[in-house]
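Biologist: I should like to learn how to read this structure feature by feature. May we begin with the way a helix is set against strands?

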Amino acid sequence: MPSYKEVLRNSQQELKEVGVYEQSAQLLMLELANQSAADLYMCYEEEMPSDLLAKYMEAFARLKQQEPLQYILGYQWFYGRQFIVDENVLIPRYETEELVANVLADIDEYFPEGTVSMADVGTGSGAIAISLALEEPRVSMVASDISEEALGVARKNNANLEANVEFFQGDLLEPLIERGVKLDFLVSNPPYIPDSQVLEVSVKDFEPNVALFGGVDGLYCYRRIFERAHLVMKDRCILAFEIGYDQKEALEALAKEAFVGDKVEVLKDINGKDRMLFIYHNV
Ligand SMILES: C[S@@+](CC[C@H](N)C(=O)[O-])C[C@H]1O[C@@H](n2cnc3c(N)ncnc32)[C@H](O)[C@@H]1O
């Protein structure tokens, strides 16, 4: 049997040749061996056990095809918790954790007492909805998605993480409108990539199209949410969205037209990119 070191060296070389991030091989090995990096270095020269080697080689073949590591492992960390992910859901991104953090800060500031009625529209794996519900026990959360398969993943995460989110299948706000839901706070990370944008293979070929593309200019879902939002908003309400880094001007204009007189704010992420849109209605 080859040693850990040999297997790792070979696979890093192979990843380099196909343009996949080399360190993914080590991350995969650490996860499958259930070891820390320090433990792995301790046994670096030892032979890899045959069952582990077989498991690793099977997963490595997928990595070489540019499948995201998170789908191979079946999970992604988000806001300190492990979320199940599969090919039916977008892999939650680190940028979206910043949306969650800003929403939590606004709950403290604008809704400091009592129950906060919230919805996450286009919930995917449930990462936003479940994190908010667990971080702030005053939140009463519903979440929607058009994809029944995505909702299956979100429900599993909700059960595993012992959250109490209620999920509805349907088109954007429609399932909320049908049920007469009225919100203090609406959150959404809708698909916002323009249809013609060229994406990396690992995204384009593996993540669900319905989670990525937002029409010709990427703004289709925002327009539709803005048009119908008044039907689910309480008199005082905040709306918070993740946005594409180059969509600030277009979305500010759309939001000011749809929510006349309301404060509209775009926040930057940790990399200095315009990433979040907040609309404050009577707060
Ligand atoms: C960018 S992903 C966000 C997923 C998750 N909220 C996150 O932040 O990781 C967008 C989600 O919106 C859902 N979606 C797309 N079009 C929709 C529609 N018309 N109505 C409801 N959900 C939709 C997709 O299925 C996908 O789960």
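Biologist: Across which strands does helix H13 lie?

Modeller: In this predicted model, helix H13, residues 248–258, lies across E8 and E9. Its direction runs at about 160° to that of E8.

Biologist: Glu-249 lies in helix H13. Is Glu-249 buried or exposed?

Modeller: One counts the C-beta atoms around the residue; 12 or fewer within 10 Å make a residue exposed. Glu-249 has 10 such neighbours inside 10 Å, and therefore counts as exposed. As for its place in space, the C-alpha atom of Glu-249 is separated by 26 Å from that of Ile-107, although these positions lie 142 residues apart along the chain.

Biologist: How should I read the sheet, and in what order do the strands stand?

Modeller: Strands of a sheet pair through backbone hydrogen bonds, either parallel or antiparallel. Here seven strands form an open sheet with mixed pairing, in the order E5-E4-E3-E6-E7-E9-E8. Its edges are strand E5 (166–169) and strand E8 (263–268), each of which pairs on one side only. On average, neighbouring strands of this sheet are turned by 20° against each other, direction ignored.

Biologist: Which helix packs on this sheet and touches E3, E6, E7, E8 and E9?

Modeller: That is helix H6, residues 94–110. The strands it touches are E3 (116–121), E6 (183–188), E7 (233–242), E8 and E9 (274–281), and its direction makes about 155° with that of E7.

Biologist: Where does the sheet show parallel pairing, and how many bridges join E4 to E5?

Modeller: Strand E4, residues 139–145, runs parallel to E5 and is joined to it by four bridges. In this pair Asp-145 stands opposite Gln-169 of E5. E3 and E4 also run parallel, joined by six bridges, and there Ser-117 stands opposite Ser-140 of E4.

Biologist: Why is E4 said to be largely enclosed by the rest of the structure?

Modeller: The reason lies in the burial of its residues: six of the seven residues of E4 are buried, so the strand is largely enclosed by the rest of the structure.

Biologist: In which sense does E9 pair with E7, and in which sense with E8?

Modeller: E7 and E9 pair in the antiparallel sense over six bridges, with Tyr-280 of E9 as the bridge partner of Ile-238. E8 and E9 likewise pair in the antiparallel sense over six bridges; Val-266 has Leu-277 in E9 as its bridge partner. E8 and E9 form a hairpin with five residues between the strands, where Gly-272 takes a positive phi near 80°.

Biologist: What should I note when a residue other than glycine has a positive phi?

Modeller: Most residues other than glycine have a negative phi. Asn-34 has a positive value, near 55°, and is found in the loop between helix H2 (23–33) and helix H3 (37–42). Asn-34 is exposed, because only 8 other C-beta atoms lie within 10 Å. Glu-162 also has a positive phi, of about 55°, although it is not a glycine. Its place is in the loop between helix H8 (148–160) and E5, and with 8 C-beta neighbours inside 10 Å, Glu-162 counts as exposed.

Biologist: Is Ala-229, in the loop between helix H12 and E7, buried or exposed?

Modeller: The cut-off for a buried residue is 20 or more other C-beta atoms within 10 Å. Ala-229 has 23 such neighbours and therefore counts as buried. Leaving aside neighbours within four places in sequence, Ala-229 is in contact with Leu-173, Leu-186 and Leu-239. Between the C-alpha atoms of Ala-229 and Val-283 there are 16 Å in space, with the two residues 54 apart in sequence.

Biologist: Which residues come nearest to the ligand?

Modeller: Of the 21 residues around the ligand, Gly-122, Gly-124, Ile-146, Asn-189 and Ala-211 come nearest. Helix H7 (127–135), E4 and helix H11 (209–212) are the elements that give two or more residues to this shell. By character, the shell divides into eleven nonpolar, eight polar and two charged residues.

Biologist: Finally, what domains does the domain assignment give?

Modeller: The assignment gives domain 1 (4–65) and domain 2 (79–281). Their centres, taken over C-alpha atoms, are separated by 36 Å.

Technical notes:
Residues numbered from 1 in each chain as written. Predicted model: local features only at pLDDT ≥ 70, side-chain atom pairs only at ≥ 80, totals over all residues. Pairing = 2+ DSSP bridges. Axes fitted to C-alpha atoms, helices over the stretch in contact; angles between N-to-C directions. Contact = placed C-beta atoms within 7 Å. Near = placed C-beta within 6 Å. Nonpolar A, V, L, I, M, F, W, Y, C, P; charged D, E, K, R; others polar. Domains from an automatic or database assignment.
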